[in-house]
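User: I would like to work through this structure by question and answer. Where should a beginner start?

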Amino acid sequence: MSWTVSEWLFYGGLAAMAVAALLGLVAALALHAAGRRLRETLRREYGEKRR
């Protein structure tokens with residue numbers, strides 16, 4: 001059985017959205033880890049944050 005063009009576009013779009021969501025999650029985790037390291041470095045160099 002052969003897929004039609006509209007099926008290729010539909011399932012291709014679903015696959016692209018899944019990949020984009022996965023890459024977004026990876027980017028969010030990387031930015032979270034980088035922010036944590038940055039906050040720790042700033043705390044070490046400049047002391048605790050004033051409130």
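Analyst: A salt bridge is a side-chain nitrogen of Lys or Arg within 4 Å of a carboxyl oxygen of Asp or Glu. The model discussed here is predicted. In it, Arg43 forms a salt bridge with Glu48, and their closest N and O atoms are 3.6 Å apart.

User: How many salt bridges does a search of the whole structure find?

Analyst: Side chains of opposite charge can pair when their charged atoms come close. Besides its bridge with Glu48, Arg43 forms one with Glu40, where the closest N and O atoms are 2.6 Å apart. Glu40 also forms a salt bridge with Arg44, with 3.8 Å between the closest N and O atoms. The search of the whole structure gives a total of three.

User: Is Glu48 buried or exposed, and which residues do the shared salt bridges join into one network?

Analyst: A residue counts as exposed when its relative accessible area is over 50%. Glu48 has 62%, so Glu48 is exposed. Salt bridges that share partners join into one network the residues Glu40, Arg43, Arg44 and Glu48.

User: In which helix do Arg43 and Glu40 both lie?

Analyst: Arg43 and Glu40 are three residues apart, about one turn of the helix. Glu40 and Arg44 are four residues apart, again about one turn. The helix that holds both Arg43 and Glu40 is α1.

User: How many aromatic pairs does the structure hold, and what kind of pair do Phe10 and Tyr11 form?

Analyst: The structure holds three aromatic pairs. In the pair of Phe10 and Tyr11, the rings are 5.0 Å apart centre to centre, with 70° between the planes. Planes over 60 degrees apart count as edge-to-face. The pair of Phe10 and Tyr11 is therefore edge-to-face.

User: What is the area of the nonpolar surface patch that includes Trp8?

Analyst: Trp8 is in helix α1, and its relative accessible area of 55% makes it exposed. Ring pairs link Trp8 with Trp3, Phe10 and Tyr11 into a cluster. These residues, together with Leu14 and Met17, make a nonpolar surface patch of about 700 Å².

User: Which residues form the positive surface patch?

Analyst: One member, Lys49, lies in the segment after α1 (5-46). Patches are made of residues with over 30% relative accessible area and no salt bridge. Lys49 is exposed, at 74%. The positive surface patch is formed by Arg36, Arg39, Lys49 and Arg51.

Definitions and conventions. Residues numbered from 1 in each chain as written. Predicted model: local features only at pLDDT ≥ 70, side-chain atom pairs only at ≥ 80, totals over all residues. Heavy atoms only, no water. Patch = residues over 30% accessible without salt bridge, like charges linked within 9 Å, V, L, I, M, F, W, Y side chains within 5 Å. Areas by Shrake-Rupley, 256 points an atom, 1.4 Å probe, with all protein chains shown as cover. Lys, Arg positive; Asp, Glu negative; His and termini not counted. Charge placed at Lys NZ, Arg CZ, Asp CG, Glu CD. Helix = DSSP H or I, 4+ residues; strand = E, 2+ residues; numbered from the N terminus. Buried < 20%, exposed > 50% of the residue type's maximum accessible area, 1.4 Å probe, protein only. Phe/Tyr/Trp six-rings, centres within 6.5 Å; stacked < 30°, edge-to-face > 60°.
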